[in-house]
Amino acid sequence: MTALSLPAAPKIKASAFKLVRRESFNPLRNGAHQVVELGEPFWSCELSTTELSRAQGGSYKLMLARLGTFGTLYVFDQSRPRPLAYHTGGSWGSPMIESVSRADGTITLSGFAAGAVISAGDYGHWEDGPTRRLHICGPGVADGAGALTLQVEPAPPQNAAATFPVAFTMEKASAEMVVRDRAIRFAAPVVQELSLAAVQVFRRS
C-alpha cells in the first residue's frame, strides 16, 4: 500500500518529533556500564490539529478511513518544514548525497547553492530504496561549488541500499510512519479535533 500524506490544509497546532534509540543500559558489578544497541534508531511523533472546518474534517476522516490499521503516513515536523535560514523564502539549491560515513556520522553532499546556510536542527530525508530515512542535521555552509559535509542524527547506515548520488530533500522532510494511536473529538456532525501518535517504519529490500 502506498504511504499517504496529511491533507493539504493540515492546521497542525502541535507536532512533537522524537528520535528514539533502542539501547540497553546495564550496570556491571565492577562499576562499569555496558550499553548495547538493539536496533536502528527511529522517529516517533505526536501531532494534533486545531479545530477543523467541515471540509477539513472530511479530508481527515477520509485519510483515516484509507489508512486503516496497517497503512502508513508521511509526516514531517511542523516546527521546521524547511531550513531555518530559508524560513521566509529563498532557495538553498537541490542537494544530492554523494557518500555517507557511519563512522563519522556524516553525509557529503553536492548541489547546494553557493554559500547556502544549513542550521542545527534542519531536517532532510533520502530514499535508500524501500525506506525513507529522516535525519536532523547541521550546522554548515556550502562552499562556492555547492559542496557540504553535514553531521546527521541518526548516523547513516553504511550498508544502506542506495545508488549515489541520491536527492536529499529538505522541504517538508518526512518519515514514513505507522499510526499507533488516534483520537478524534466530535461536535456532531463535525470533526473538531484530531490527534495522532506514530512511529517510523523501516522496509527491507
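Guide: Two strands count as paired when DSSP finds at least two bridges between them. The model above is predicted. Strand β8 (residues 106-112) and strand β13 meet that test, pairing in the antiparallel sense over 4 bridges.

Visitor: Which residue stands opposite L148 of β13?

Guide: L109 stands opposite L148. Strand β11 also pairs with β13 in the antiparallel sense, over 2 bridges. There, V152 of β13 is the bridge partner of C137.

Visitor: How do I read the side chains along β13, and which of them are buried?

Guide: In a regular strand, side chains alternate between the two faces of the sheet. Along β13 (residues 148-153), L148, L150 and V152 point to one face and are buried. T149, Q151 and E153 point to the other face and are not buried.

Visitor: What does β11 pair with besides β13?

Guide: Strand β11 (residues 132-137) runs antiparallel to β10, joined to that strand by 6 bridges. One facing pair is D122 and C137, the latter in β11. Strand β10 (residues 122-127) is mostly covered, with 5 of its 6 residues buried. The hairpin of β10 and β11 has 4 residues between the strands, and G129 takes a positive phi near 120°.

Visitor: Is T131, in the loop between β10 and β11, buried or exposed?

Guide: The cut-off for buried is under 20% relative accessible area. T131 has 1%, so this residue is buried. Leaving out residues up to four places away in sequence, T131 touches W126, V201, F202 and R203. A polar atom of the T131 side chain lies 2.7 Å from the backbone nitrogen of R203.

Visitor: What does the side chain of R203 do in terms of salt bridges?

Guide: A salt bridge is read from side-chain nitrogen and carboxyl oxygen atoms of opposite partners. R203 forms one with E176, the closest N and O atoms being 2.5 Å apart. This pair links distant parts of the chain, with E176 in strand β15 and R203 in the segment after β16, 27 residues apart. E176 is buried at 5% relative accessibility, while R203 is partly exposed at 36%.

Visitor: How many salt bridges does the structure hold?

Guide: The structure holds 7. One of them joins the side chains of E40 and R133, at 2.2 Å from N to O. E40 lies in the loop between β4 (33-37) and β5, and R133 lies in β11, so the pair ties together parts 93 residues apart in sequence. R133 is buried, at 6%. E40, D128 and R133 are linked in a network of salt bridges. Another salt bridge joins E127 and R132, at 2.7 Å from N to O. E127 is partly exposed at 31%, and R132 is buried at 14%.

Visitor: Which residues have the most contacts inside the largest nonpolar core?

Guide: A nonpolar core is a set of buried nonpolar residues joined through their side-chain atoms. The largest here has 23 residues, and those with the most contacts inside it are F17, M63, L73, M177 and L196. Elements that each supply at least two residues of this core include β2 (12-20), β15 (174-187) and β16 (190-200). The largest share, 4 residues, comes from α1. A second, separate core of 18 residues includes I107, L109, A142 and F168.

Visitor: What is M177 in contact with?

Guide: Neighbours within four places in sequence aside, the contacts of M177 include F17, S44, L73 and A198. S44 lies in strand β5 (residues 42-49) and counts as buried at 13% relative accessibility. With the four nearest places on each side left out, S44 is in contact with A16, F17, K18, V20, M177, A198 and V199.

Definitions and conventions:
Residues numbered from 1 in each chain as written. Predicted model: local features only at pLDDT ≥ 70, side-chain atom pairs only at ≥ 80, totals over all residues. Heavy atoms only, no water. Buried < 20%, exposed > 50% of the residue type's maximum accessible area, 1.4 Å probe, protein only. Contact = heavy atoms within 4.5 Å. Polar contact = N/O pair within 3.5 Å; in protein donor to acceptor, adjacent residues only side chain to side chain. Core = buried A, V, L, I, M, F, W, Y, C linked by side-chain atoms within 4.5 Å. Salt bridge = Lys/Arg side-chain N within 4 Å of Asp/Glu carboxyl O.
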